[in-house]
Amino acid sequence: MQPRSLSTRLLVSVSFLLILFFGVTILALDFVFQDLSRRAIQDRLEVQVVALLSASEEDSSGGLRPDQLAEPRFDNPGSGLYGEILRSDGRPSWRSKSLTGTGIEFPHVQVGERRFGELQRADGTTVLSFSMGIEWQFRNRVTRSFVYSVAESLEPYYANLSRLRGRMFGWFGALAVIVLGALAVLLRRLLSPLRRVEREIESIEAGVLTELGGGYPRELLGITTNLNALLRSERERLARYRNTLGNLAHSFKTPLAVMRNLLSTQSGRELTVVRQLDEQVGRMDDIVKYQLRRAAAAGGSGLGSAPVDVRDALEALRGALLKVYVDRGITCELSVAEGATFTGDREDLTEIAGNLLDNAFKWTRTTVRITADRVVSPAARRDGLRIVIEDDGPGIPLDSRARVLERGARLDERVAGQGIGLSVVRELVNLNGGIIDIDESALGGARIEVKIAPV
């Protein structure tokens, strides 16, 4: 899985925070709106009760009824505003026409008691009611208790609440999109130095640059400065290592050659000693050659070097070996996938493919086949490489396949060589993060596959 960028992580984190913040804000505003709206309805109901009290007149039956209604909705059935005056015995003294068919039953409260509550209409809708108990002294000095009750439908309240919630979600959603968009633009600008570091490191890996440029922000200056110092130190260390090892190996070659020449001129009496010394000198010469070939190889991921075109390198090796073995009439087939490259040092690729091809040409009868293709991974920045070299020779026995990769190992002493080629191949393949596999070829001989993983 491709790792997420810092921008994506920041945007996702901020999105969660915005959702949390806006969610809490919406809940708080919703609570405030509900509280204020219900208080406003309660205030209106109290005003309606006071208006009914002010308009109440005594009737002939000893009850009360409003003379003139200031609110015409009381006289309109289903208007949403309802009123009632109850006697102390529970009988209605007055009921508004709007109560017709609603099924609303107001509660009976004591004198001086004030009660708010929700009641259900016959159709299941909810109303908010207010009831207040009073004592009324008639003209004849008789005092009776009454309950004044009014109610208002909550349907407009719920409709307004629904509209407010929809608008809040719309407003806060649009605000969140604007904030995230602005933050994305800001992050792109703020993180541009990091993207520049990434581009310059890719250029260093490709061999276009040798170190990072300047002009970075203060927060990144320590990283870029230390990374440049590390790159310079690594290049200098590798150069010293290769030069020192190469000089050491070359300094041994001349004395060894002189010793071999001297040994070859000795008389027969000293033949046994000469053979022993010659054997030891030969071993020393093999070690020197092995170290020389290691010194020529860089290994690793090829930091600071451009990707190597595999087709050009293999074409050059094939052409050179066909000239060397021209008298044997060997056919060498080459198939390279389009865009196949080697991420590493060109000398490494030459050593790996050169040693394997040289062995194939030595052992083949008539045909050598070379196949190279890309190894692709979605999570990697660069493709890997797979090289398969086959021949129609005698092949490599199963029990000898691990041994031939060891230094100095040779299957047939009659074939020229020091037995160090495949050990160098194994070491270079390991240094470049790859694996080597030996199998039987469809041509009848050996099949050696080298696979360099993507990076």
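**Group meeting talk: two sheets, two cores and some helices**

Okay, let's start in the middle of things: the buried residues of helix 2 have covers that include helix 1 and helix 3 (192-205). Before I go on, remember that this is a predicted model.

So which residues of helix 2 are buried? They are Tyr-157, Leu-161, Met-168, Phe-172, Ala-176, Leu-183 and Leu-187. Helix 2 covers residues 155-190, so 36 residues, and at 1.5 Å a residue that should span 52 Å. The C-alpha atoms at its ends are 51 Å apart, which agrees.

Let me zoom out for a second. The protein has 455 residues, and 36% of them count as buried. Its secondary structure adds up to eight helices and 14 strands. If you take contacts between residues at least 6 apart in sequence, 61% of those join residues at least 24 apart. And the accessible surface is about 26200 Å², with 55% of that belonging to carbon and sulfur atoms.

Now, the sheets. One of them is an open sheet of five strands, and reading across you get 4-3-7-6-5, with antiparallel pairing. Why do strand 4 (92-95) and strand 5 (114-120) each have one side without a neighbour in the sheet? They stand at the edges, each with a single partner strand, so there is nothing from the sheet on that side. From one strand to the next, the twist averages 20°.

Look inside this sheet at strand 3, residues 81-87, and strand 7, residues 143-153: seven bridges join them, and they run antiparallel. If you want one pair to click on, try Tyr-82, whose bridge partner in strand 7 is Ala-151. Helix 1, residues 6-55, packs on this sheet and touches strand 3, strand 4, strand 5, strand 6 (126-137) and strand 7. The direction of helix 1 makes about 35° with that of strand 6.

On to another open sheet of five strands, in the order 9-11-12-14-13, and here the pairing is mixed. Strand 9 and strand 13 are at the edges with a single partner strand each, so one side of each has no neighbour in the sheet. Ignoring direction, neighbouring strands here are turned by 10° against each other on average.

In this sheet, strand 9 and strand 11 pair in the parallel sense, over six bridges. Ser-335 is one to look up: its bridge partner in strand 11 is Thr-371. Then there are the helices. Helix 6 lies across strand 9, strand 11 and strand 12, and it runs at about 180° to strand 9. Helix 7 packs on the sheet too, touching strand 9, strand 11, strand 12 and strand 14, and its direction makes about 15° with that of strand 12.

Last topic: the cores. The largest nonpolar core has 39 residues, and which two touch the most other members? Those are Val-310 and Val-368. Elements giving two or more residues to this core include helix 6 (310-324), strand 9 (331-336), strand 11 (367-375) and strand 12 (384-391). Helix 7 gives the most, with seven residues.

Try selecting Val-310 on your screen. Leaving out residues up to four places away in sequence, Val-310 touches Val-336, Ala-340, Thr-341, Phe-342, Leu-349, Ala-372 and Leu-385. There's also a second, separate core of 21 residues, and among them are Ile-41, Met-132, Trp-136 and Tyr-148.

That's my tour, thanks!

Conventions: Residues are numbered from 1 along each chain as its sequence is written. This is a predicted model: local features need pLDDT of at least 70, side-chain atom pairs count only at pLDDT 80 or more; totals for chains, interfaces and linings use all residues. Side-chain values use heavy atoms; hydrogens and water are left out. A nonpolar core is a set of buried Ala, Val, Leu, Ile, Met, Phe, Trp, Tyr and Cys residues joined through side-chain atoms within 4.5 Å. Buried means under 20% relative accessible area, exposed over 50%, partly exposed in between (1.4 Å probe, protein chains only). Helices (H or I, at least four residues) and strands (E, at least two) are DSSP runs, numbered from the N terminus. Contact means heavy atoms within 4.5 Å. Two strands pair if DSSP finds at least two bridges between them. Axes are lines fitted to C-alpha atoms, for helices over the stretch in contact, and angles run from 0 to 180 degrees between N-to-C directions. The expected span of a helix is 1.5 Å times one less than its number of residues. Accessible areas come from the Shrake-Rupley method with a 1.4 Å probe; for residues, only the protein chains shown count as cover.
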